[in-house]
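Got your viewer open? Get ready to click through a protein one stop at a time, and keep the selection tool handy.

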Amino acid sequence: MKLYVTYGSPYARLARIIVIEKALDDRVEIIEAKTRTSGSPYYQINPSGRVPYLVDDAGMGMEDSQLICAYLDSLDGKPRFHNASRASDWAHLRLEFAARSMCDGIAVWAREMARPANERSPTTLAHESARVARMADFFEARVTDPRMQGSPCMAHLILAVAVEMARKRGLGDLTSGRPRLASWMRSISDLPSMQRTAPP
Ligand SMILES: N[C@@H](CCC(=O)N[C@@H](CS)C(=O)NCC(=O)O)C(=O)O
């Protein structure tokens, strides 16, 4: 299989984490895609131009971290990050999708900051940083929920990747002044799959 990524993308990082966690390194070739470039040859592979994108052994391509992670996790018939009990646990799914919403906001902020300074929208930046602060408060109150403890699942990975991206891209340390989130992050950041996929 081929997994197209960029090394700064939090969504591609989720797929790379699952490759490591599910010991698929020998089956999945990681390829750096040229995104956001007019005429990129990558658009011939994935017309949307986004990463992650997985081409499976049968040559079937699929995009979106949610689908790709679930697919990779299911290959051995023993999904650990999307197991059946979690898939029907609405309280768990609410946390997972709240984490994804937070990640989406940080990605918008980072994308805006990557534009030339005179093209950035102060309104968008202020809106997204306020959203991120609210979501960090939300998770400060939720990381002690048993669903956010124990063996990692998608909700954990998405939250951890989001918090690390915020720090790396200059949106600040979301664990500062949030001791429960700080302690939760310390344990998940130690996972070898998190360490091996840390953004450059
Ligand atoms: N919902 C998608 C989001 C993927 C996404 O937005 N990827 C960004 C990188 S973080 C991308 O490929 N951007 C390139 C572009 O917009 O052309 C997922 O979860 O995979």
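Here is a tour that starts at the ligand and then moves out along the chain.

Before you click anything, remember that this is a predicted model.

**Stop 1: the ligand**

Select the ligand and look at the space around it. That space is the largest pocket. Which elements give two or more residues to the shell around the ligand? They are α1 (10–21) and α5 (90–113), so colour those two helices if you like, since each counts as a DSSP run of H or I.

Now show the residues around the ligand. You should get 13 of them, and the closest are Tyr11, Arg50, Val51, Asp64 and Ser65. Sorted by class, the shell holds 4 nonpolar, 4 polar and 5 charged residues.

**Stop 2: three side chains that reach the ligand**

Keep the ligand on screen and add Asp64, Arg36 and Arg100 as sticks.

- Asp64: an N or O atom of its side chain is 3.0 Å from a nitrogen atom of the ligand.
- Arg36: here the partner is an oxygen atom of the ligand, 3.4 Å from an N or O atom in the side chain.
- Arg100: a polar atom of this side chain lies 3.3 Å from an oxygen atom of the ligand.

How much of the ligand does the protein bury? On its own the ligand exposes 520 Å², and the protein buries 81% of that.

**Stop 3: two residues with a positive phi**

Stay with Arg36 and zoom in on its backbone. Arg36 sits in the loop between β2 (29–32) and α2. Its phi is positive, about 55°, although Arg36 is not a glycine. Is Arg36 buried or exposed? It is exposed, because its relative accessible area is 66% and the cut-off for exposed is over 50%.

Next, go back to Asp64, which you met beside the ligand. Find it in the loop between β4 (61–63) and α3 (65–74). Asp64 also has a positive phi, near 90°, and it is a residue other than glycine. With 41% relative accessibility, Asp64 counts as partly exposed.

**Stop 4: a cis peptide bond**

Select Val51 and Pro52 together and look at the bond that joins them. What is the form of the peptide bond from Val51 to Pro52? It is cis, with omega near 5°. You have seen Val51 already, among the residues closest to the ligand.

Pro52 belongs to the loop between α2 (42–45) and β3 (53–55). Why does Pro52 count as buried? Because its relative accessibility is 2%, and buried means under 20%. Now try the distance tool: from the C-alpha of Pro52 to that of Met62 you should get 8.7 Å, for residues 10 apart along the chain.

**Stop 5: buried residues and some longer links**

Jump to Ala12, in helix α1. Ala12 counts as buried, at 0% relative accessibility. Add Trp109 to your selection: Ala12 and Trp109 are 97 residues apart in sequence, and their C-alpha atoms are 17 Å apart in space.

Then pick Leu24, in the loop between α1 and β2. How far from Leu24 is Thr197, C-alpha to C-alpha? The answer is 14 Å, with their positions 173 residues apart along the chain. Leu24 is buried as well, at 7% relative accessibility.

**Last stop: helix α6**

Finish with Val132, which lies in helix α6 (residues 122–142). Val132 is buried, with a relative accessible area of 1%. For one more distance, click the C-alpha atoms of Val132 and Arg169: they are 13 Å from each other and 37 residues apart along the chain.

Technical notes: Residues numbered from 1 in each chain as written. Predicted model: local features only at pLDDT ≥ 70, side-chain atom pairs only at ≥ 80, totals over all residues. Heavy atoms only, no water. Helix = DSSP H or I, 4+ residues; strand = E, 2+ residues; numbered from the N terminus. Buried < 20%, exposed > 50% of the residue type's maximum accessible area, 1.4 Å probe, protein only. Near = heavy atom within 4 Å. Polar contact = N/O pair within 3.5 Å; in protein donor to acceptor, adjacent residues only side chain to side chain. Areas by Shrake-Rupley, 256 points an atom, 1.4 Å probe, with all protein chains shown as cover. 1 Å grid on protein atoms, 1.4 Å probe; cavity = no way out; pocket = protein on both sides within 12 Å on 5 of 7 lines; lining within 4 Å. Sits in = over half its atoms within 2 Å of the grid points. Nonpolar A, V, L, I, M, F, W, Y, C, P; charged D, E, K, R; others polar.
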